[in-house]
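Here's a walk through a protein–DNA model, from the sheets to the DNA surfaces. Have the viewer open as you read.

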Number of protein chains: 2
Amino acid sequence: MAATARSSSETIEVGPLQILPDEHLARANGRVLVLSMRELRLLTELGRRADRIVPREELFRLVWGREMRAGDRSVDVYVRKLRVKLEDALPNWRFIHTHFGFGYRLAAESNGRSQLDHTVATGE
Amino acid sequence: MAATARSSSETIEVGPLQILPDEHLARANGRVLVLSMRELRLLTELGRRADRIVPREELFRLVWGREMRAGDRSVDVYVRKLRVKLEDALPNWRFIHTHFGFGYRLAAESNGRSQLDHTVATGE
DNA sequence: ACAGGTTCTTCACATCCTCGTCACGACCCG
DNA sequence: CGGGTCGTGACGAGGATGTGAAGAACCTGT
């Protein structure tokens, strides 16, 4: 892959979610999320395109670094893993949205009510 | 003629409605609308001809890519689906107008009052 | 090299969504 | 009023996505 060594710490914020690719970690309301390599990369690439629909093939290319074979379900499986961990960390939010026939989109959406946890107190 | 230049990221705006065919999505006051392939294409073709009456046969040809068989109600059904989703996202607006015997026309018309719609995520 | 634990990949099955179509009733216009 | 047009809800088939699990690959410390 491109030898573009990212110098300054990139920070991606999506609602109460904070992604720090260069630190190899993400935070939910300041709490550190334990993510594997693949999971973090997938989340990062989605985060870099937050609020936009990213096709599976593109996601696979970005995260796995090669072309996706037809029928490969890896992206779906890792989306699932991310959803579980995000749900676990922030029960009242939904982040990864499916766009049937197109791909996935990352965006913070509160589950309607009880966003009493808005006292994020991130360094913001 | 269809000299539609394939400029990157075409944006169609109709009142508070924003259609981004290349992103595979549309927004209502910035909020993403979840549309299926057909729905988005229909909305797009209507949007490209905003304020003009588009005959069913033409709409069908544009969206389905083939000639419409007599008695086919697909266009009507999908107009209905779009209306429901648009109504859900922007309750005080009407977009798709029927022209009896001719076809449909897309135009933003506020229902007169209180378009201060804070359509907060219902979470329903 | 080995054991123990973790991550990655692949599968099979379950579930959900889309799409085209139908049927019936309301509507519009002459 | 009469006949065609449009609105609307429902249905089934087929395909796309969700989900749990098993085995392979990998990593780490001894």
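## Sheets, helices and DNA

Ala26(B) stands opposite Leu33(B), a residue of β4(B). This is a predicted model, where local features need pLDDT of at least 70 and side-chain atom pairs count only at pLDDT 80 or more, while totals for chains, interfaces and linings use all residues. Residues are numbered from 1 along each chain as its sequence is written, and chains are lettered from A and ligands numbered from 1 in the order in which they are written.

Back to that pair: strand β3 (residues 25-28) of chain B and β4(B) run antiparallel and share three bridges. Strands here are DSSP runs of E with at least two residues, helices are runs of H or I with at least four, and both are numbered from the N terminus. Two strands pair if DSSP finds at least two bridges between them. The two belong to an open, antiparallel sheet of four strands in chain B, ordered β1-β2-β3-β4. Its edge strands are β1 (12-14) and β4 (31-33), each pairing on one side only. Neighbouring strands of this sheet are turned by 25° against each other on average, ignoring direction. Angles run from 0 to 180 degrees between N-to-C directions, and axes are lines fitted to C-alpha atoms, for helices over the stretch in contact. Across β1, β2 (17-20) and β3 of chain B lies α1(B), at about 80° to β1(B).

Chain A has an open sheet of three strands, β5-β7-β6, with antiparallel pairing. β5 (53-55) and β6 (93-99) of chain A are its edges, and the average turn between neighbouring strands, direction ignored, is 30°. The two pairings look like this:

| Strand pair | Bridges | Sense |
|---|---|---|
| β5(A) and β7(A) (residues 103-110) | three bridges | antiparallel |
| β6(A) and β7(A) | six bridges | antiparallel |

Ile53(A) has Arg105(A) of β7(A) as its bridge partner, and His99(A) has Gly103(A) of β7(A). β6(A) and β7(A) make a hairpin with three residues between them, and Gly101(A) in the turn has a positive phi of about 85°. Helix α2 (residues 56-64) of chain A lies across β5 and β7 of chain A, at about 75° to β5(A).

How do the axes of α1(A) and α3(A) cross, and at roughly what angle? They come within 10 Å and cross at roughly 90°. That makes α1(A) roughly perpendicular to α3(A) (65 to 115 degrees counts as roughly perpendicular). Arg38(A), Glu39(A), Leu42(A) and Leu43(A) of α1(A) meet Tyr78(A), Lys81(A) and Leu82(A) of α3(A), contact being C-beta atoms, placed from the backbone, within 7 Å.

Now the DNA. Strand C has 18 residues around it, the closest being Ser36(A), Arg38(A), Ser36(B), Met37(B) and Arg38(B). A residue is near a strand if its C-beta atom, placed from the backbone, lies within 6 Å of it. The elements giving two or more residues to this surface are α1 (37-48) and α3 of chain A with α1 (37-48) and α3 of chain B. Strand D also has 18 residues around it, with Asp76(A), Thr98(A), Asp76(B), Arg80(B) and Thr98(B) nearest. For strand D, the elements giving two or more residues are α3 (74-89) of chain A and α3 (74-89) of chain B.

Conventions. Contact = placed C-beta atoms within 7 Å. Parallel < 35°, antiparallel > 145°, perpendicular 65-115°, else oblique.
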